[in-house]
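I opened this notebook to record what I looked up, one topic at a time, beginning with contacts and ending with enclosed space.

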Amino acid sequence: MGFFIGLVIALGCMLGGFAAMGGHIGVIWQPWEFVIIGGTALGTFIIANPLATVADTGRASVSAVLGSGPKPRDYLDLLGLLYVLMRDLRSKARNEVEEHIDNPDQSEIFKRFPSVLADKDLTHFICDYCRLIIIGNARTHEIEALMDEEIHTINRDKLKPYHALVSVAEGLPALGIVAAVLGVIKAMGALDQSPELLGGLIGAALVGTFAGIFLSYAIVSPLAHKVKVGREKRCRLFVIVKQTLLAFMNGAMPQIALEHGRKTISSLDRPSIDEVESETISGGSRDVPQKQAA
């Protein structure tokens with residue numbers, strides 16, 4: 001919603017200011033200039049990126065526009081799942097826990113936390129390191145180094161759409177100049193026409209420069225930033241798992257280990273210690289308080 005509100009404000013102020021200066025808004029509507037800029041930007045974007053990145057950029061852009069991302073409920077689900085797994089790792093036989101780790105899609109534990117199970121990368125991350133804990137002969141610092149390397153790789157992959165959009169934003173002003181030059185070339189072919197017609201053609205050409213700059217700095221760059229923020233929040237889930245499991249491997253009780261993970265959540269989204277306790281030890285309500293869900 002914030003994306004659309006900001007876009008309406010930007011367009012309203014831009015067009016309103018132009019009209020207040022005595023400009024004719026209809027002059028700005030030059031569809032072929034926009035086709036040149038947008039089509040060239042799309043084509044070069046596809047050339048520069050693998051199809052997997054192109055598709056992921058589409059998904060990331062939709063999520064950014066809609067404001068999708070981890071909510072307080074998602075953090076509570078993740079902490080709740082980690083608590084149950086750590087509790088079982090301490091109290092149950094190895095083969096009983098392995099059943100849940102080897103087949104998370106069929107696990108009753110994972111099914112209780114659908115937001116975690118829906119994220120396949122996060123689910124595999126949890127299962128892989130719980131499996132290493134079950135094996136029992138890995139040193140904590142070695143596991144930490146391995147986690148850091150994997151999280152770095154995940155971050156790099158998740159932020160590919162951001163870098164792709166930044167490249168498009170950086171190129172749009174130049175593509176606007178290309179559209180403007182093509183418009184000027186067209187205007188040069190009408191030098192023998194009336195000044196009114198020639199002025200209209202030159203004005204139409206300059207719309208290309210305006211459009212390239214506006215699309216770059218008012219739309220694509222902000223969209224890229226929202227994609228980055230959303231993806232970084234999603235990657236934060238892996239850090240929560242890392243800190244929690246490392247604390248558990250170092251001998252912390254499950255509830256104490258959860259605190260290591262909870263403290264890595266942004267203060268704006270972080271559930272309180274009472275909410276985490278209600279979700280884990282006390283098995284409390286699955287409804288997030290209204291102040292957190294707002």
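For the entries on contacts I take two residues to be in contact when they have heavy atoms within 4.5 Å of each other. I also note at the outset that I am working from a predicted model.

**Entry: T244**

I began with T244, which I found in helix α12. I asked whether T244 is buried or exposed. With a relative accessible area of 0%, T244 is buried, the cut-off for that term being under 20%. Setting aside its neighbours within four places in sequence, I then listed the contacts of T244, and these are L82, M86, A257, L258 and G261.

**Entry: salt bridges**

I next looked up charged pairs, keeping in mind that side chains of opposite charge can pair when their charged atoms come close. The count for the structure is 16 salt bridges, and I went through several of them.

In the pair R94 and E98, the side chains meet in a salt bridge with an N to O distance of 3.1 Å. Both residues belong to helix α6, which spans residues 94-102, and because they are 4 residues apart there, about one helical turn separates them. As for accessibility, R94 is partly exposed at 48%, and E98 is likewise placed in the partly exposed class, at 25%.

For R131 and D128 I noted a salt bridge of 3.4 Å, again from N to O. Helix α9, residues 120-135, contains both partners, and they sit 3 residues apart, about one turn of the helix. R131 has a relative accessible area of 30% and is partly exposed, while D128 is partly exposed at 35%.

The third pair I looked up is E259 with R262, where the closest N and O atoms of the salt bridge are 2.6 Å apart. Which helix holds E259 and R262, and how many residues apart are they? Both lie in helix α13, residues 254-262, at a spacing of 3 residues, or about one turn. Here I wrote down that E259 counts as buried because its relative accessibility is 19%, under the 20% limit, and that R262 is buried at 7%. Elsewhere, D56, R59 and R231 are joined into one network by salt bridges that share partners.

**Entry: aromatic rings**

I then turned to the aromatic pairs, of which the count is 5. For W29 and F34 I asked how far apart the ring centres are and at what angle the planes lie. The centres are 6.1 Å apart and the planes are at 25°, so I record the pair as stacked, since planes under 30 degrees apart fall in that class. W29 is exposed, at 61% relative accessibility, whereas F34 is partly exposed, at 29%. I also noted one aromatic cluster, formed by F125, Y129 and F238.

**Entry: the second largest pocket**

F34 came up again when I looked at the second largest pocket, where it is one of the lining residues. The volume of this pocket is about 250 Å³. Together with F34, the lining is made up of G38, A41, L42, F45, T57, L165, V168, L172, L215, I219 and V220. Which helices each supply at least two residues of this lining? I found α3 (31-48), α11 (160-188) and α12 (195-249), and among the contributors α3 gives the most, with 5 residues. By residue class, the lining of the second largest pocket has 10 nonpolar and 2 polar residues, and no charged ones.

**Entry: the cavity**

Last, I looked for enclosed space, and the structure holds 1 cavity of 30 Å³ or more. The largest cavity contains about 40 Å³ of space, and its lining consists of D74, L78, S115, V116, L122, R234 and L237. The elements giving two or more residues to that lining are α5 (72-91), α8 (114-117) and α12. I sorted the lining of the largest cavity by class as well, and it divides into 4 nonpolar residues, 1 polar residue and 2 charged residues.

As a closing cross-reference, I note that helix α12, where T244 is found, is listed for the lining of the second largest pocket and also for that of the largest cavity.

Notes
Residues are numbered from 1 along each chain as its sequence is written. This is a predicted model: local features need pLDDT of at least 70, side-chain atom pairs count only at pLDDT 80 or more; totals for chains, interfaces and linings use all residues. Side-chain values use heavy atoms; hydrogens and water are left out. A salt bridge is a side-chain nitrogen of Lys or Arg within 4 Å of a carboxyl oxygen of Asp or Glu. Buried means under 20% relative accessible area, exposed over 50%, partly exposed in between (1.4 Å probe, protein chains only). Rings of Phe, Tyr and Trp (its six-membered ring) pair if their centres lie within 6.5 Å; planes under 30 degrees apart count as stacked, over 60 as edge-to-face and the rest as tilted. On a 1 Å grid over the protein atoms alone, a cavity is a set of points where a 1.4 Å probe fits but cannot get out, and a pocket is an open set with protein on both sides within 12 Å along at least five of seven lines; lining residues have an atom within 4 Å of a point. Grid points are joined across faces, edges and corners, and a volume is the space filled by probe spheres set on the points. Ala, Val, Leu, Ile, Met, Phe, Trp, Tyr, Cys and Pro count as nonpolar, Asp, Glu, Lys and Arg as charged, and the others, Gly among them, as polar.
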